[in-house]
Structure formats: structure tokens, C-alpha cells
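Thanks for coming. I will go through one structure today, element by element, and finish with how the chains meet. Please look at the display while I talk.

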Amino acid sequence: MTRLVSKTPEGPLADKWTNYKSKVNLVAPNNKRRIDVIVVGSGLAGASAAATMGELGYNVKCFCFQDSPRRAHSIAAQGGINAAKNYQNDGDSVYRLFYDTIKGGDYRSRESNVHRLAEASVQIIDQCAAQGVPFAREYGGLLANRSFGGVQVSRTFYARGQTGQQLLIGAYSALSRQIAAGTVEMYNRHEMLDVVVVDGKARGIIARNLVTGEIERHSAHAVVLATGGYGNVFFLSTNAMGSNVTAAWKAHKKGAYFANPCFTQIHPTCIPVSGGFQSKLTLMSESLRNDGRVWVPKRKEDCGKDPLSIKEEDRDYYLERIYPAFGNLVPRDVASRAAKYVCDEGRGVGKTGYAVYLDFSSAIKRLGEDTIRERYGNLFSMYERITDENPYKVPMRIFPAVHYTMGGLWVDYELSTTVPGLYAVGEANFSDHGANRLGASALMQGLADGYFVLPYTIGSYLSGEIRTGEISSDHPAFDKAEQEVKDRLQKLLSIQGDRTVDDFHMALGKIMWDKCGMARNAEGLKQAISEIQALREEFWSNVFIPGDASGTNVELEKAGRVADFLELGELMCRDALDRNESCGGHFREEYRTEEGEAARNDADYTYVAAWEYGGKPNEPNLHKEELVFDNVELKTRSYK
Amino acid sequence: MKFTIKVWRQNGPKDKGRFETYPLDGIDDDMSFLEMIDVLNQNLLTEKKDPVTFDHDCREGICGMCSMYINGTPHGPEKATTTCQLHMRSFKDGDTITIEPWRAKAFPVIKDLMVDRSAFDRIIQAGGYISINTGNAIDANAIPIEKDLSNEAMNAAVCIGCGACVASCKNSSAMLFLSAKVSHLNLLPQGKAEAKRRVNSMMKAHDSEGFGACTNTGACHAVCPKEISLTNIARLNREYIGASLTSEKE
């Protein structure tokens, strides 16, 4: 059994990162030219890491499955990015951002990583502004801020409702500059199908060219996975259609531990499901909760009525009622569960009864329609396009949906997985958000990892590689990995069954949503495990994929991803079953306080559950990284 | 709702391609256009046929991946709406809907409705950035930027790079795309230092990729899902002429 070593540097919390950076081994410029690094994924974390390592002089190859690196799903983030700038003079600081993130994550993240994240946040804003990211500004020409859930300061920077897009374009432009300079070679429309491990070290990947169907070998001294989260295991989520776990899962099967897979974030403000063919759920930014008030009718019999006809005294602004200190700005997990409860009570609204109102009428009265339009105009028009209702006049209907996965590949302080030379950055790793992520922190983490953390920490490993020389892709490990990839594609194509890939994906999603979603219990999780096993078995004997592996074959791509989700789903349930407590996004119905809130069990579960692949999907081995809190006191999270 | 779907099928870049017609029933007016295609594809798969290949990803109108030429208009009939945000309520029961890929020399078809837009990436690589390495930045509030100016830059920066402008243009010009990037960066103080170089080099890349010249018909603006203004093209021309007259090199 490998012991999990977090490699957290010694010394006081606030000095750890500075000390680390001062002492970490460097790679000299003449040696960087001889070192190859592969970055898989081109979202905020991947693009910023590839660009920065290119600037430093490494030979970088970057891969994305989309037709352009600019389309990675980071682009869809709406609301903003946090930074401890304290431009508003409202008492913000690096420590406070660190503390809010630890508390928001329900004390299940690593102190040292989170503090480093808070430190880097300040530099990110400077970097992005310098790249030309058009952040919102005040009339004086300085940057504007807004508030987000779970905090009491205004530290969120934004670019209308399109912050993710603007930040990604910033990172994409930095990446493009390096592509032009020849330091980064870009592979669009490529999907990584395996990581190649030579003598215990990650030495390359096997990728499929999604246009020609060719299977390619790419060797490098280190491999960085920036492949995002696995929310699409639920089929319906706010993730892009192509977002998948395949790269991370292949790494897991090659020895990388998968940490806290059951920690998934259900975002409270999404447009509710409208029909059976729905393919994805659309998020309405959390920033809307700055000015929108969440309510349902007090009485069940009012639920079918026109919301405008329901009098003020007959409305239950339940978040303001239950959580007066934070009101509509409670963290996401709390807001989502509260919505579930009122709907389970039968007080939900809309066609299905699974929706609550998000009402802007008092903000419009207070600030005027123009101000609201300036703040949220594009979100309102998006809502209107999807639902055919005007949210300036009628309250929005919203319901929680799967949005983000806090779990991911286990990494140490250097962002290295348990496979030497294999790194994970951004949403693909588990490190910073514990059991619940605060709003506007995903963009922060992606860019912190990519611009400011990985380019330093990877030097610690690569400094030991300067004498290695070029990595050959003729090694038998490449032969073997390539053959396995090809065999698997042929196996999938040869089944020629009767059910479509989407059909299996939907069935898996339903099991996950019902039994490993907003609320879980031991019995349901056990059922889910056996249902997933049966579904997996059927998949491998009854899936239908047309065509062959040469050229573009979208069904084949999807099938490979769903096959991996069918294994991951089981691990998520096992992890949820192992964690006999409620914390953050993981709510076990057996473990709650008298008031119905989540009951954490710090005595037994203050650890990161890092799962090792046991040779079969149903035989994972659990390793624990005990979390040590030297700087914050573990408290019951209260937003009341 | 019932529809007749007439869709372009092309099995690879070298195939000649043709329209195929499929009847489709059981469509809900709340479904998105791409969900309608999903249903069509599930039907095709049930008949063991090859589904229609198309680009799509975020399905919330921001990634710029979806690209369908619907009844003669890029992204279909609704103003300021990407294909993925288009809903079936915009069509009448019984309609015939014709779907084609973007058609432009610089966007070769890969398969069915999927085209290769990497020419856009290469235009950005030619200068669509501000040259600043990670770690070199000064404090973000050190340079105040007039709110109106910042808004104007943002109005251009919202371009999602979908290519509808090119698809709608009789010359297959990418001037709206190019001008949006040049405006975004050249308007801002951070982008001034290399403004001339940027416009020269991006314009050169635009032409060498095989995009045509702009004749100011405004078709691009009319179909742009992000309503990028034609003012940007005017600004681009001004910047380009200025740069051509005053640059020492290029």
C-alpha cells in the first residue's frame, strides 16, 4: 500500500508557497528546450498551463477534442472569478478568501493548497487584465466587483455574464501566441484514449485523431491532465455535451488514485427540465442571487397559480427565512437542498412541480430595469429564449442541476498524481474545493493551477529529467497501450446490439441522479451499485455503434466515454457509501442534525478518500489522506 | 409536431455530398433544434443507419461550436440566437427544414454538417493577443480604463468565433470576426503597443486563408448570434489604412 504523501512544505501557512518557490529545483533554459510536456485539455487550466510552459521554453503539445482550443467548457462559466484584491475596502484578504474556501468546502480540503490558491488569486486578475480581458469597470475606470454565495465581501470580478468566455479567450490568446512562436504544438479534434507508463513514469499518451480515426502515439517527459470534471456521468448536467471522464479514468486505471469521487456539486439555479428528450441543463449564474429572491408559495394549493397573482404575504422566501445571515446568498449545496425540500413538500412550481421562483421584481423596483439589464441582460435573454417567458415581468423558474465535480484525481501539493510525471490541474484534480465549491472559484482554481502553480511545481520533477534525453514512442509500453486502445475500439464496434449509446447514458444518469444525487442513503447506494453493474454488463453486450473506426464516428467517441462513466458511476456510489457523514455536496440522509442540516463527522471522516484501481471496476482499494487543520478550527457550517 | 428534414449528407471531405430527406414526428415545441436532431439521430440508429454528424458542445450559446445553415440562414430564423439556442417553437408544424453546413472555401466540410474552422485559429495566432508573459503584469487597477471604452471592447470581445459571418457572406469574408478581435484589443490601452503590427499581420492571415474581401453588405451582422456591430469593420479598415501608411515594416 502506497502511503499518500501530500508533500506540503514545512513552515507557517502563509509562508509555505513563498518558501517552496524559493527552494524548488529549476530547469535551466537550455535544458527546457530538450524537455517535452503534454497537456491534455485546453480550458482555463490546460490553456494557461500550456501557454505558460511554452513561454518558459518547454516543448509543449496540447490536445483538445473540440475543433478549437477556444471552445473548452470553461467558456460557459458565467458569473465571475474571485480574487482577494480587497479593492472594495470591505475587509477582504488572502486569509479570508482561504478561510471562506475551507469553510465553504466543509473542511474537506487541504489547507496548504487552498492558501496557495488564495495567494495566486491576486496575480490572476492582474495577468488577465494585462491580456486585455474586458472586466466590468466603474465610472472611475477601476474594476467592479460583485458578491457571490457563501461570503460576506465583494471579491468577484466579472465580464458581464460571460466571465468564463473572456478568461478563456485570454488564455487561448496566450496559447495562440505560443503556437505561433512554435513552443506549443496544438492538436485539435484529438481525444486522449490512454496514458502510457514506462518504468513507473508517465511518458506519453495514445490519442485518436477524431477526423481521420488514426491512433497516434505522443511521447513526453511529463503529462498534464487538464480534462475537466465528470458531471456528465449524470447524463443531464450543465456540462458541455462532450465533457467526459475518459482521460482521468484511463489515468486512474494506470495507477492514479481517484479522490472523493462522490463530491459533486448540484447548482441551485438552473433552468428546470422540460421534457424527456432534454439533452442538457442550462445554468443561470449564481450572481443572479445577488438581486433575485427565491420563493415558493406558502400553500400547496397556490402552486399552480400565476405567480404575479400570489400576494406578498402568501409567499415563502424560504432562504431568507431559514438563513437570515446569508439569505439568498447561502452556498450552493445549502440552496440546492432547500429547493429540493420545498419541492418534496409539494410546494414546487412549474409543469413538473420541481422548480422554485427566482424573482427580480423588488430589485427592479429598487434599481430600475436598466441596471438589472446591464448586470444580467444576457442571462435574462438566454432564459427567455429557452423558456419563452420574460423574466423582467414574470419570476424565473429554477431548479438544481449537476454542475461541477469537486472530486477528481488525487494530487499532492505539486499537483502530481500518484503516477510520477502525471499531473492533474483544474477541475480534473480534487484539491481545493473540499466537499463543496464556492461560486466563482472554479475559474480561479483553473487559472491559478495553470498560470501560477504547475509551471513552478513541475520543475521539481522535470529537473530530474534533464539527462533522460528524448522519450522514444517505440517502447513496448507504447505498443501495448496502442494495441489495447485499438482492441477496445474494435470490441465496441463488434457488439452491434440494439440499444443506442445515449440510451445507456440516460439510464446511467437516472440511477445516479436518483440514488447518488442531492441526497443519498446506504440502501439506495447499494441498489445503485448493482444496477450500474448490470447496466455495464448489458452495455458490453448490447450497445449499437454504426460504422467503423476510420474517420469521424461520433457514436464511437460517445461509446468510449459512456463505457468509462459506467465504471466511474460505481466508484462514486462506493465512495458515497463509505462516507458515513453528510458534508458539502454529499448529503447522506441518515446523517443529519435535528434541524435537518448536514451532520458532519469530523472524528471519523476528516480524510480524503483516494481510491486505487483494483484491476476490476468493482474492486477498488481505499487509501486515506488524513486532513490536518493547523490554522482553522473545524466548526459546524452555519449560514443562519 | 411533425417535420420533413432535408439535410446535407457528405461522408468525408472527398465525398461529393447530397441532400437526404427524413420525415420526423413527435417533436415537442419546447425542444431545442439540436434536440430535434438528436431525435432524428436516435431514429436513424434504431434503423441501424449512420446518424447525422454535426458540431455542438455547450448547448448554451457560448462555445461557438454549433454551425448549421438552416433554411438558408446561418443559425436559423431567430435573431441573435445560435443553433443550440433555437427552439422548435420557432417553426410551424408540418414545415420542411433544410439544413446545410457552413459553406466557404476556408471551411472545408469534414463530414455532413461538420466543417473545419481552424483557419480562425490561425488568424488569431497571427496577432490576436497582447504579448505578455505570465507573471509580468502590473496591478490590474494601475491603468484605469474609461467605462464606455471598456464596454465597447467587451461588445467586440463577445464574438464566439462560430463563423456564421463567413457562412452568410457572398464573398466568404471573415472581416466581422477579424474586426471584432482587432477592435477588442486595439481599443484597450493594453493593446495599443502592438496595434499596428496586429492589424497588418491578422489581415494578411485572413487573406491567405482564402477568406474573401468585404463589400459591406452587412449580411454578417444580420446573422451574428452575438450581434457584433459593423462599426468594428469600419474601425478595422481605419486601423489597417493607418497601419499601412505609418508602419515602417510589413
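Strand 7 of chain A, residues 201-209, is joined to strand 8 of chain A by five bridges, and the two run antiparallel. Within that pairing, Ile205(A) sits opposite His218(A) of strand 8. Before I go further: this is a predicted model.

These two strands belong to an open sheet of three strands in chain A, ordered 6-7-8, with antiparallel pairing. Why do strand 6 and strand 8 each have one side without a neighbour in the sheet? Strand 6, residues 190-198, and strand 8, residues 215-219, stand at the edges and have a single partner strand each, so one side of each is left free of a neighbour in the sheet. From one strand to the next, the twist averages 25°.

Something also lies across this sheet. Helix 13 of chain A, residues 476-495, crosses over strand 6, strand 7 and strand 8, and runs at about 140° to strand 6.

Now the second sheet. It is an open sheet of five strands in chain A, in the order 11-15-14-12-13, again with antiparallel pairing. Its edge strands are strand 11, residues 264-270, and strand 13, residues 315-316, and each of them pairs on one side only. Inside the sheet order, strand 12 (293-297) and strand 14 (356-359) of chain A pair in the antiparallel sense over three bridges. Val294(A) is found opposite Leu358(A) of strand 14. Helix 9 of chain A, residues 332-344, packs on this sheet and touches strand 11, strand 12, strand 14 and strand 15. The direction of helix 9 makes about 65° with that of strand 11.

Next, a pair of helices. Helix 3 (residues 44-56) and helix 6 (residues 163-181) of chain A have axes that come within 8 Å and cross at roughly 30°. Is this crossing left-handed or right-handed? The crossing of helix 3 and helix 6 is left-handed. Among the residues that meet there are Ala47(A) and Ala51(A) from helix 3, and Leu168(A) and Ala171(A) from helix 6. By type, the contact residues divide into ten nonpolar, three polar and two charged.

Last, the two chains together. In chain B, 71 residues are in contact with 78 residues of chain A. Between them, chain B and chain A bury about 6200 Å², with 51% of it on carbon and sulfur atoms. Glu60(B), Thr134(B) and Lys147(B) supply 11% of the area chain B buries against chain A, more than any other three residues. How many salt bridges are found across the interface of chain B and chain A? There are eight salt bridges across that interface. Arg189(A) and Asp55(B) meet through their side chains in a salt bridge, at 2.7 Å from N to O.

Terms used:
Residues are numbered from 1 along each chain as its sequence is written. Chains are lettered from A and ligands numbered from 1 in the order in which they are written. This is a predicted model: local features need pLDDT of at least 70, side-chain atom pairs count only at pLDDT 80 or more; totals for chains, interfaces and linings use all residues. Side-chain values use heavy atoms; hydrogens and water are left out. Two strands pair if DSSP finds at least two bridges between them. Helices (H or I, at least four residues) and strands (E, at least two) are DSSP runs, numbered from the N terminus. Axes are lines fitted to C-alpha atoms, for helices over the stretch in contact, and angles run from 0 to 180 degrees between N-to-C directions. Contact means heavy atoms within 4.5 Å. A crossing is left-handed if the near helix is turned anticlockwise from the far one by less than a right angle, and right-handed if clockwise. Ala, Val, Leu, Ile, Met, Phe, Trp, Tyr, Cys and Pro count as nonpolar, Asp, Glu, Lys and Arg as charged, and the others, Gly among them, as polar. Buried area is the accessible area (1.4 Å probe) that two parts lose on being put together, summed over both. A salt bridge is a side-chain nitrogen of Lys or Arg within 4 Å of a carboxyl oxygen of Asp or Glu.
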